[in-house]
Amino acid sequence: MTETRVPPRDRRRSPVRALAAALLAALAALPVLPAPAAAAATPPAPAAAVREVTGFGTNPGQLRMFRYVPDGLPAGRPVVVALHGCTQNAAGYGTGSGWTELADRWGFSLVLPQQQTANNVSACFNWFQPADTARGGGEAASVAQMADRQLADAAGDPRRVYVTGLSAGGGMTSVMMAAYPERFAAGGVVAGLPYGCAQAAGSPWVCMSLGGGLGPRQWGDRVRAARPGYGGPWPALTVLHGTADRTVAPVNMTDLVAQWTDVHGADRTPDVTDTVAGYPHRAYHGPGGTPAVETYALTGMGHGQPVAPGTGGERCGTAGPHLLDVGLCAAHRLGRAWGLDR
């Protein structure tokens with residue numbers, strides 16, 4: 001604030017000063033009016049919102065980091081990394097998918113990486129580029145640095161870090177599970193692809209439309225090669241995919257099952273076969289008897305993230321482009337499987 005200095009008063013009497021004195025006397029004689037109501041209290045700090053974070057590491061993939069932290073979140077809570085699909089952005093995916101709503105409801109923090117069009121004109125994560133999918137470099141390393149930054153800032157539980165994503169974000173979820181398996185307890189691939197699919201198929205487009213064409217052991221070897229010498233534990237996997245998806249063919253869910261059951265040493269005969277919200281659900285248990293891989297086949301659904309708008313219960317998410325109201329919220333199913341509600 002700038003201080004204004006007032007010149008010393010002219011103490012000589014003058015007609016003007018006499019008139020001013022008379023006016024002051026008249027004002028003093030007026031009745032005293034009630035004091036105005038007190039000014040409104042300082043408004044509270046803004047509620048939790050999706051906010052950008054800078055300086056989270058060397059960021060070799062040149063991504064942007066956003067996050068959502070519920071107000072008053074205590075230390076020791078889980079961290080979820082959620083990767084948007086092509087043409088989407090971090091904030092839109094975080095809220096539309098229902099993840100920010102669940103973060104408030106259950107108490108965890110959310111990391112929302114965002115692609116830049118300088119890296120990919122359609123804002124897709126580059127799940128098919130070797131430079132971005134190998135451990136220690138590119139976009140994969142940037143996402144890992146974001147998770148580490150959030151763990152430090154929120155004093156999160158390093159044993160309860162999870163990763164999920166839609167479409168290209170689902171492909172990058174597979175990358176993170178393979179290249180950084182020690183960082184993630186579980187992953188959720190929504191309309192995505194197995195690790196190494198583009199290289200197996202010869203191009204991302206062939207992979208997306210026809211699959212990678214590998215057997216279970218070959219698929220598993222690709223994951224094991226991404227983190228040489230790592231002996232486990234491996235992240236558990238949940239896959240949600242529309243049976244009418246014409247962008248990423250449902251065969252990719254079959255390939256994901258083959259890849260991750262092999263990694264976990266599980267067979268491909270489901271131990272659980274039932275329906276959830278009317279959709280076929282399968283669970284494949286590992287040698288320890290816990291689910292290693294789960295699948296939800298969204299009958300008749302096209303390419304997108306399943307949501308179930310509404311309040312309470314298993315409802316979450318908002319319908320929109322590639323956010324499809326099918327009566328099942330993928331974020332809720334994943335969060336329950338990961339114990340985020342506890």
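Which residues does Leu237 touch, not counting residues up to four places away in sequence? The first legend below gives the answer, and the views that follow turn to the cores, the disulfides, the pockets and one helix. The structure shown is a predicted model.

**Figure 1. Surroundings of Leu237 in the predicted model.** Leu237 touches Met177, Gly187, Val189, Leu256, Trp260, Ala292, Val293 and Glu294, when residues up to four places away in sequence are left out of the count. Leu237 and Trp260 both appear among the residues with the most contacts inside the largest nonpolar core.

**Figure 2. The largest nonpolar core and a second, separate core.** The largest nonpolar core has 43 residues, and those with the most contacts inside it are Val81, Met176, Tyr180, Leu237 and Trp260. Several strands give two or more residues to this core, namely strand 3 (79-83), strand 5 (161-166), strand 7 and strand 10. The helices that do so are helix 5 (138-154), helix 6 (168-179), helix 9 (216-226) and helix 10 (251-264). Helix 5 provides the largest share of this core, 7 residues. A second core, separate from it, has 33 residues, including Tyr68, Val80, Leu110 and Cys329.

**Figure 3. The disulfide between Cys86 and Cys124.** A disulfide is a covalent bond between the sulfur atoms of two cysteines. A search of the whole structure finds 3 disulfides. With bonded cysteines counted along the chain, their pattern is 1-2, 3-4, 5-6. In the disulfide shown here, Cys86 is joined to Cys124 with an S to S distance of 2.0 Å. The torsion about this S-S bond of Cys86 and Cys124 is about 125°, so the disulfide is right-handed. Cys86 lies in the loop between strand 3 and helix 2 (90-96), while Cys124 lies in the loop between strand 4 (109-114) and helix 4 (130-133); the pair therefore ties together parts that are 38 residues apart in sequence. Is Cys124 buried or exposed? Cys124 counts as buried because its relative accessibility is 10%, under the 20% limit for a buried residue. Cys86, with a relative accessible area of 23%, is partly exposed.

**Figure 4. The disulfide between Cys197 and Cys207.** The sulfur atoms of Cys197 and Cys207 are joined in a disulfide, S to S 1.8 Å. Cys197 belongs to helix 7 (residues 197-201) and Cys207 to helix 8, so this pair ties together parts that are 10 residues apart in sequence. The disulfide of Cys197 and Cys207 is right-handed, because the torsion about its S-S bond is about 115°. Cys197 is buried, with a relative accessible area of 1%, and Cys207 is buried as well, with a value of 0%.

**Figure 5. The disulfide between Cys316 and Cys329.** Here the two sulfur atoms are 1.8 Å apart. The torsion about the S-S bond of Cys316 and Cys329 is about -100°, so this disulfide is left-handed. Cys316 is found in the loop between strand 11 (305-307) and strand 12 (323-325), and Cys329 in the loop between strand 12 and helix 11; the pair thus ties together parts that are 13 residues apart in sequence. Both Cys316 and Cys329 are buried, and Cys329 is one of the residues of the second core.

**Figure 6. The largest pocket and its lining.** The space in the largest pocket is about 430 Å³. Its lining has 30 residues, and the closest to the centre are Ala185, Ala186, Pro235, Ala236 and Pro291. Strand 7 (236-242), strand 10 (291-298) and helix 11 (330-337) each supply at least two lining residues. The largest share, 5 residues, comes from strand 10. By class, the lining has 19 nonpolar, 6 polar and 5 charged residues.

**Figure 7. The second largest pocket.** The volume of this pocket is about 310 Å³. It is lined by 20 residues, of which Cys86, Cys124, Ser167, Ala168 and Met208 lie nearest its centre. Two of these names, Cys86 and Cys124, are those of the disulfide partners in Figure 3. Helix 8 (residues 204-210) gives the most to this lining, with 3 residues. The lining divides into 11 nonpolar, 9 polar and no charged residues.

**Figure 8. Helix 11 and the residue Gly339.** Helix 11 is mostly covered, with 6 of its 8 residues buried. The buried residues are Ala330, Ala331, His332, Arg333, Leu334 and Gly335. Just after this helix, Gly339 takes a positive phi of about 70°.

Methods: Residues are numbered from 1 along each chain as its sequence is written. This is a predicted model: local features need pLDDT of at least 70, side-chain atom pairs count only at pLDDT 80 or more; totals for chains, interfaces and linings use all residues. Side-chain values use heavy atoms; hydrogens and water are left out. On a 1 Å grid over the protein atoms alone, a cavity is a set of points where a 1.4 Å probe fits but cannot get out, and a pocket is an open set with protein on both sides within 12 Å along at least five of seven lines; lining residues have an atom within 4 Å of a point. Grid points are joined across faces, edges and corners, and a volume is the space filled by probe spheres set on the points. Helices (H or I, at least four residues) and strands (E, at least two) are DSSP runs, numbered from the N terminus. Ala, Val, Leu, Ile, Met, Phe, Trp, Tyr, Cys and Pro count as nonpolar, Asp, Glu, Lys and Arg as charged, and the others, Gly among them, as polar. Buried means under 20% relative accessible area, exposed over 50%, partly exposed in between (1.4 Å probe, protein chains only). A nonpolar core is a set of buried Ala, Val, Leu, Ile, Met, Phe, Trp, Tyr and Cys residues joined through side-chain atoms within 4.5 Å. Contact means heavy atoms within 4.5 Å. A disulfide is a pair of cysteine sulfur atoms within 2.5 Å.
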